[in-house]
Amino acid sequence: MKYYVLPLLVCIFISEHLWAEEITSEDFAAGYYLEVDNSGAVYSLVLPADVYQTVRRADLGDVRIFNGSGDTVPHGFRAVETEKRELQGKEGVPFFPLYKAKQPEKQASLSLQVNRNSAGTIVNITSEEGAGSVGGEINGYLLDLSGLKHVTNELELRWQKESDSSVFTVSFEQSSDLVRWMPLVSRATLVDLQYGGQRVEKRTVSLPRRPLNYLKLTWRQAGQPLRLTGVTSFSKVIKSRQKHQWVSLNNGKVLEKEGKFVIDYEARYRLPANSAQIRFPEINVLSRISVQSRLDEEREWQTRCEKVFYNLNLEGASLQSEPCTFKSTGDTLWRLVVQQDGSGLQTGDSPLNLELGWIPEELLFVGRGAPPFLLAFGSGKLEQQQNKTDDGMILQAIKAEPLKQMIKKATLGNRISLGGDLALKPPPTRIAWKKWLLWMVLVLGVGLLAFMARSLIKEMNTASQE
């Protein structure tokens, strides 16, 4: 019996070494040394753009953190926290018309009589010149933000349409006392028009910073005044206007599919893209375009968004459509399908330029072991493996308030080349032989155990007969 123990131990030893392939920093294309202050249990770092341009997996499964001893440490990823707002909401803004002064020399000054309620909110406003005359010429509006509960980040304006199309170039000044006025938004374009068979609307104005209590809205062009019917304040973060990083795909191939104008693109890196913008080769163009993507050629195309994209020059002001947003995806193949072409794109020689936007993720890792810590990324060896990071474990741990406050910032140090471009290539086919050998060893071990059990039973039967 004892003669069988040694072969069994050899089988177990071989199987363990075949199954557990150790990952080293040389299995990755490149890396960054990370600088830490050695006082934190968990460190955080916003991933640089070239990590996404190098990794082979969209889930960042080929990213590792090594300590100074060459051991991997637990790590995970989470979305970067955007700037927190006091409250997020939508509120109506009281507004009051300002009339053109009867005497031109008084036009530059704003002499007002303001009536407030007990809470300090404006309930009525008149001016010395022209105010109160319903038939007077309106040349501006006073917006009262003092009674709002939320911080205003964006204003939406609605106005009475005098014709099918209207364009206004407006500006905003701000004041805390209705006496001293400071510029806030020097130029913004408001649009509601029919163009190229499509309708273009831009009714919102983003504020560059937290405004004071009062805003004065004026417009530049003479003629038809802006007759407001409503003003709404928004405090939420607009997803398409978060701080994205952008990459341009300018390798489009123009095709024609089922009678539609189609352009195919290939992204050569894994990006968590959640936004798309289209740059036109010319101005005053407008089209309804569908943005589609897929992971590889064996998958079906998925529509990420469809909207009217445009690039217009209206009264000297450039008007660019907002990016479209969608659920984050790491697809590498992208397609634009022109659903309605109101600007002659199908006859143009220059293809459209597709830009993909993404918000970098935050890397969290445990400061276990001695520094220097190394961020390694891009591995063909890990491309097909189903291994997962420690996201769940580390993200659950930092929910505890004491640990959340102990998260320290890590900073990028020098970028180094590890395995280089060779590390990005899939491993050679000899790895399949290791799998076969592993199964042979396992089968041999099971057979050896069965033979040992049979021999043991036979010996026990013999002993019982004697």
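Visitor: What does buried mean here, and what share of the 466 residues in the chain is buried?

Guide: A residue is called buried when its relative accessible area is under 20%. This is a predicted model, and its chain has 466 residues. The part of them that counts as buried is 44%.

Visitor: How many helices and strands are there in the chain?

Guide: Let's take both kinds of element in turn. The helices number five. As for strands, the chain has 30.

Visitor: Which cysteines form a disulfide?

Guide: A pair of cysteine sulfur atoms has to lie within 2.5 Å to count. One disulfide is found by this rule, with its sulfur atoms 2.1 Å apart. The two partners are Cys 305 and Cys 324.

Visitor: Where in the chain do Cys 305 and Cys 324 lie?

Guide: This pair links distant parts of the chain, 19 residues apart. Cys 305 belongs to strand E22 (residues 302-314). Its partner, Cys 324, lies in strand E24 (residues 324-329).

Visitor: Why does Asp 50 count as buried or exposed?

Guide: Asp 50 sits in helix H2 (residues 49-52). Buried residues have a relative accessible area under 20%. Asp 50 therefore counts as buried, because its relative accessible area is 16%.

Visitor: Which residues does Asp 50 touch, not counting residues up to four places away in sequence?

Guide: Touching here calls for heavy atoms within 4.5 Å. With residues up to four places away in sequence left out, Asp 50 touches Tyr 32, Phe 377 and Arg 415.

Terms used. Residues numbered from 1 in each chain as written. Predicted model: local features only at pLDDT ≥ 70, side-chain atom pairs only at ≥ 80, totals over all residues. Heavy atoms only, no water. Helix = DSSP H or I, 4+ residues; strand = E, 2+ residues; numbered from the N terminus. Buried < 20%, exposed > 50% of the residue type's maximum accessible area, 1.4 Å probe, protein only.
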